[in-house]
Amino acid sequence: RAGLSQKQIDSINAIRNAALVSEDRFVANSLNDLMVPSGPDAPIRVVQFFRPHPGQGDALRALLRSDVLPAWQQAKQAGRISGAGVATTGQGRPGLYILWTDYPNLAALDAGNMMLQTMGPAPYALFQARLAQLP
């Protein structure tokens, strides 16, 4: 903005806005205790955004900590993923949870449900049941 007139700023914004279909901006706060750091071998990132029911954030975090984080750690050791993590949003879109999983290549992504493969059928079914119990 330094040294630009309002007319120049409006012109720049008009050009930028003409190039965009939509824009969404918010602050994401990483939950470092729910993260498996990715290395440089992570060219593919799958991201999920979701909002839990009001009052369920603590229960969701507990489930992520007890079930998802250990599965991510095992999946990374097995080479299924490069890393993963959780963030929450604050300013701009409060209340969203952002989960991401980094993959080393498309074959790892296409290999199927990483959580099911890592946990096994019975623990995965239990995890899904516990997740469904969150109202």
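V86 lies in strand 3. This is a predicted model, and V86 is a good place to enter it. At 0% relative accessibility, V86 is buried. Leaving out residues up to four places away in sequence, V86 touches N29, S30, L31, L34, M35, L64, W72, Y97, I98, L99 and W100. Across in strand 4, its bridge partner is L99. The C-alpha atoms of V86 and Q133 lie 20 Å apart in space, with the two positions 47 residues apart in sequence.

**The sheet**

Four strands make up an open sheet, ordered 1-3-4-2, with antiparallel pairing. Strand 1 and strand 2 are the edges, each pairing on one side only. From one strand to the next, the twist averages 25°.

Strand 4 pairs with two of these strands. Its antiparallel pairing with strand 2 (residues 44-50) has seven bridges. Its antiparallel pairing with strand 3 has six bridges. Three bridge partners in strand 4 are listed here.

| Residue | Partner in strand 4 |
|---|---|
| V46 | T101 |
| V86 | L99 |
| T88 | Y97 |

**Strand 4 and T101**

How many of the residues of strand 4 are buried? Seven of the seven are, so strand 4 is largely enclosed by the rest of the structure. Its side chains point two ways. Y97, L99, T101 and Y103 point one way, and I98, W100 and D102 point the other way. Both sets are buried.

T101 belongs to strand 4. Its relative accessible area is 11%. The cut-off for buried is under 20%, so T101 counts as buried. Beyond four places in sequence, T101 touches I44, R45, V46, W72, I81, G83, A84 and M114. One of these, V46, stands opposite T101 as its partner.

I81 also touches T101. With neighbours within four places in sequence set aside, the full contact list of I81 is W72, A75, K76, T101, D102, Y103, P104 and M114. W72 and M114 appear in the list for I81, and both appear again in the list for T101.

**The nonpolar core**

The largest nonpolar core holds 24 residues. Those with the most contacts inside it are L64, W72, I81, V86, M114, M115 and F127. Several elements each supply at least two residues: strand 1 (28-36), helix 2, strand 3 (83-89), strand 4 (97-103), helix 4 (114-119) and helix 5. Which element gives the largest share? Helix 2 does, with eight residues.

The contacts of V86 include two other residues from that most-connected group, L64 and W72.

**Helix 2 on the sheet and beside helix 5**

Helix 2 lies across strand 1, strand 2, strand 3 and strand 4. It runs at about 50° to strand 1.

Helix 2 (residues 57-77) also packs with helix 5 (residues 121-132): their axes come within 11 Å and cross at roughly 175°. Angles over 145 degrees count as roughly antiparallel, so helix 2 is roughly antiparallel to helix 5.

Which residues of helix 2 and helix 5 meet? From helix 2 come L60, L63, S66, D67 and V68. From helix 5 come F127, R130 and L131. The contact divides into five nonpolar residues, one polar and two charged. F127, on the helix 5 side of this contact, is also among the residues with the most contacts inside the nonpolar core.

Definitions and conventions. Residues are numbered from 1 along each chain as its sequence is written. This is a predicted model: local features need pLDDT of at least 70, side-chain atom pairs count only at pLDDT 80 or more; totals for chains, interfaces and linings use all residues. Side-chain values use heavy atoms; hydrogens and water are left out. Axes are lines fitted to C-alpha atoms, for helices over the stretch in contact, and angles run from 0 to 180 degrees between N-to-C directions. Angles under 35 degrees count as roughly parallel, over 145 as roughly antiparallel, 65 to 115 as roughly perpendicular and the rest as oblique. Contact means heavy atoms within 4.5 Å. Ala, Val, Leu, Ile, Met, Phe, Trp, Tyr, Cys and Pro count as nonpolar, Asp, Glu, Lys and Arg as charged, and the others, Gly among them, as polar. A nonpolar core is a set of buried Ala, Val, Leu, Ile, Met, Phe, Trp, Tyr and Cys residues joined through side-chain atoms within 4.5 Å. Buried means under 20% relative accessible area, exposed over 50%, partly exposed in between (1.4 Å probe, protein chains only). Two strands pair if DSSP finds at least two bridges between them.
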